[in-house]
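Trainee: Could we go through this one together? I'd like to start with the strands and then move on to the cysteines.

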Amino acid sequence: MGRFCSGISRALALLALLFVLREKGCWGLNPTSGDLEKSPHSDPDSWEALHRNKRSWVWNQFFVLEEYTGNEPLYVGKLHSDVDKGDGKVKYVLSGEGATSIFTIDENTGDIHATKRLDREAQAYYTLQAQAVDRFTNLPVEPKSEFVVKVQDINDNEPKFLDGPYLAGVPEMSPLGTMVVQVAATDADDPTYGNSARVVYSIIHGQPYFSVEPKTGVIRTALPNMDRETRDQYVLVIQAKDMVGQMGGLSGTTSVTVTLTDVNDNPPRFPHKSYQYTVLESLPVQSVVARIKAADADVGSNAEMDYRIMDGDGPSMFNITTDEVTQEGVIILQKPLDFETKSSFALRIEATNRNIDSNFLSLGPFSDTTSVKVTVEDVNEPPIFSTPLSQMDVSEDAKVGTSIGRVSAHDPDTSSSAIRYSIDRNTDMERFFNVDPLSGIISTAKALDREANSVHNLTILAIESQDTMQIGKGVALITVRDINDNAPVFAIDYETLLCENTMPGQVIQTISAVDKDDPPSGHRFFFALAATVAGNHNFTLRDNKDNTASILTKRGGFRRREQPVYRLPVLIVDSGSPALSSTNTLSVQVCDCDSDGVALSCGAVAYTATGLSTGALLAILGCIITLLVMVLLIVTMRRRRKEPLILEEERDIRENIVRYDDEGGGEEDTEAFDMVTLRNLNVIRDPNVRRDVTPDTPTFFHYPTASRPTYKSLPDNVVFREFIWERLKDADVDPSAPPYDSLQTYAFEGSGSVAESLSSLESLSTDSDQNYDYLSNWGPRFKKLADLYGNSDGASVFS
């Protein structure tokens with residue numbers, strides 16, 4: 001009974017709602033019929049008028065469900081006009097988007113159906129126009145009205161992560177709830193209708209390390225202090241489900257790869273508390289002694305560290321640096337090692353992180369120390385000189401065998417082997433010095449010359465007697481002291497010019513001197529004229545007391561004709577002990593100068609004579625006679641030369657190629673080469689006339705008539721051969737024939753050819769049945785052919 005009352009209540013509520021909608025004219029229902037209809041009182045001819053007693057069409061949206069899978073067309077709705085009386089006079093017409101292709105209308109009843117499956121995501125609504133027309137006249141009885149068919153959404157699209165898969169990072173040791181990344185999924189369904197597009201997120205894989213907020217998709221850390229050194233990467237699977245996650249909703253997933261980034265939360269630690277290394281005492285300076293490394297679980301800049309030597313018994317012997325690639329501490333030798341002096345060293349080394357994070361100081365200290373012991377191993381060392389550089393000096397005039405100095409070396413090893421000395425001859429190529437192999441005394445082996453080599457740099461070798469491979473090297477620097485053994489000379493080769501108009505007492509040259517010697521107090525030179533010219537009347541010398549001297553004239557009026565060159569000996573004395581001197585000659589040339597004293601011409605003046613000497617006349621006469629003899633010889637040789645057959649002005653040297661590229665046979669062509677002559681070789685011809693060219697000079701050679709061969713009885717090939725030989729003979733024996741080079745072409749196949757002759761020239765000599773008399777009727781252009789082929793008279797041409 002209660003269930004029945006509940007049903008009655010629901011029905012009453014529905015009827016009340018429909019009554020309200022009816023009064024408001026909603027859903028396209030007429031108050032009387034419930035369908036879309038037109039008033040019967042309206043005039044069908046006055047449907048264009050805007051004023052009506054009541055609305056004929058009341059439109060609303062039609063709804064059709066998307067993705068309909070039924071076998072029958074889907075019913076959308078019904079159109080009805082109050083003009084339609086049900087007598088079949090009104091026809092309903094549908095137009096607009098999808099009309100006839102998607103939506104159809106029953107023209108009698110106005111029922112609308114959808115014939116295809118609709119996809120709201122492809123098109124959400126369709127705009128159509130409906131019209132009622134007279135069935136018989138097709139005239140509209142109602143104005144065209146527009147309505148919308150809206151596609152109603154269903155949940156047919158799953159959420160999709162358009163930006164997935166995701167890559168994200170979060171620092172290790174992050175606190176609980178640290179945001180990692182936010183993911184977002186989109187659903188193509190209608191977000192305004194139902195829950196089809198309402199998405200919630202959940203984590204399928206990745207717990208308990210991470211969590212995701214259901215509504216926002218924000219991923220956060222779910223555990224505190226996750227350590228990268230334990231695990232540095234996590235792969236999460238995030239699900240997005242529509243229908244607010246309810247059962248029956250569609251879902252999509254994506255992956256999120258989360259990488260824990262490093263922080264400096266691990267201090268450096270040496271694997272061992274002490275290290276021990278052994279090196280040879282011969283290890284060169286700046287060599288690597290050892291490499292040590294403190295382990296740091298961090299990476300990148302968080303694992304960078306610096307090393308330093310804190311203390312030890314050899315802080316100045318070693319240094320430590322950081323290898324930036326491997327982060328190792330590299331111990332480098334700073335000074336030479338000596339086993340005999342110290343055989344081991346103890347160092348204390350500290351490693352410290354460069355980049356310390358203040359948030360993790362509680363995990364420190366971020367440094368560590370270790371001990372390093374370096375043991376020096378003894379090696380057999382070469383001898384060592386007590387003084388690596390020995391400086392000595394010797395006089396330039398020292399006798400051979402003079403002792404200069406002594407070098408000393410010792411064996412640093414405990415064996416104290418005996419030492420033998422020698423000179424590296426690469427540093428004493430001329431063997432000026434010797435060294436005593438036992439005592440190390442250096443002495444002269446040759447006379448020395450300071451001016452050639454003032455310093456000698458010798459390498460002295462000290463060799464162990466027990467092990468000759470152990471060789472020590474020292475340097476002996478020997479300076480040669482100077483003595484006065486070189487006389488002074490002119491500094492340069494002077495070229496002194498003296499003008500003819502020079503006045504007495506005029507300085508014509510200033511001279512100076514040089515000396516190869518190098519006295520400690522410097523050079524001092526004295527100048528004077530040689531005793532032989534001290535009293536000359538031309539020049540004098542003045543010592544300037546500054547290692548120079550001036551040459552002056554004693555008179556004027558010098559003349560080149562009298563004496564073009566003067567030679568003046570000059571004595572130069574140095575200040576050495578003993579003093580050395582030399583005499584140098586100064587040449588003075590007399591020159592003709594202009595008013596400014598610039599020399600125009602110097603030296604001797606050419607002698608000018610009024611007449612020629614006998615020798616000159618004889619030389620000229622001899623030249624003339626020689627020329628005459630040469631001319632006579634040339635004339636005689638030219639006369640003995642063979643006279644040419646033809647004078648030079650008449651000679652015509654040519655290379656001619658005579659080409660007969662002419663078909664002939666035309667009436668207007670009367671100059672063409674006539675091949676008939678090849679057949680009629682016995683025709684009377686002038687033997688003095690050449691067929692290829694016309695000679696400029698007449699011939700003086702006449703052939704006897706009886707010597708001419710008769711060609712009629714000969715075969716064709718013999719005929720032409722004989723003809724060509726005859727032409728050649730004519731050219732050879734005719735003294736008046738010029739030496740022409742001409743090319744004659746005779747085209748003849750011969751009677752023995754298998755294909756016989758292809759030339760039409762033989763047509764008259766064959767027994768052809770062809771009649772060519774018609775050529776005479778073809779006009780004057782074919783007259784020549786008519787004469788050759790048209791009648792029997794033409795054969796006489798070739799007879």
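**Strands and disulfides**

Mentor: Along strand E30 (residues 471-481), Gly-472, Gly-474, Ala-476, Ile-478 and Val-480 point to one face and are buried, while Ile-471, Lys-473, Val-475, Leu-477, Thr-479 and Arg-481 point to the other and are not. Buried here means under 20% relative accessible area, exposed over 50%, partly exposed in between (1.4 Å probe, protein chains only). Strands (E, at least two residues) are DSSP runs, numbered from the N terminus. Keep in mind that this is a predicted model: local features need pLDDT of at least 70, side-chain atom pairs count only at pLDDT 80 or more, and totals for chains, interfaces and linings use all residues. Residues are numbered from 1 along each chain as its sequence is written, and side-chain values use heavy atoms, without hydrogens and water.

Trainee: Which residue of E29 stands opposite Val-475 in E30?

Mentor: Strand E29 (residues 455-464) runs antiparallel to E30, joined by nine bridges; strands pair if DSSP finds at least two bridges between them. The two form a hairpin with six residues between them. Opposite Val-475 in E30 stands Thr-459.

Trainee: Is the disulfide of Cys-499 and Cys-593 left-handed or right-handed?

Mentor: The sulfur atoms of Cys-499 and Cys-593 are 2.0 Å apart, and a disulfide needs them within 2.5 Å. The torsion about their S-S bond is about -90 degrees, so this disulfide is left-handed.

Trainee: Is Cys-602 buried, partly exposed or exposed?

Mentor: Cys-602 forms a disulfide with Cys-591, which is buried at 0% relative accessible area. Cys-602 itself has 31% relative accessibility, so it counts as partly exposed.

Methods:
Helix = DSSP H or I, 4+ residues; strand = E, 2+ residues; numbered from the N terminus.
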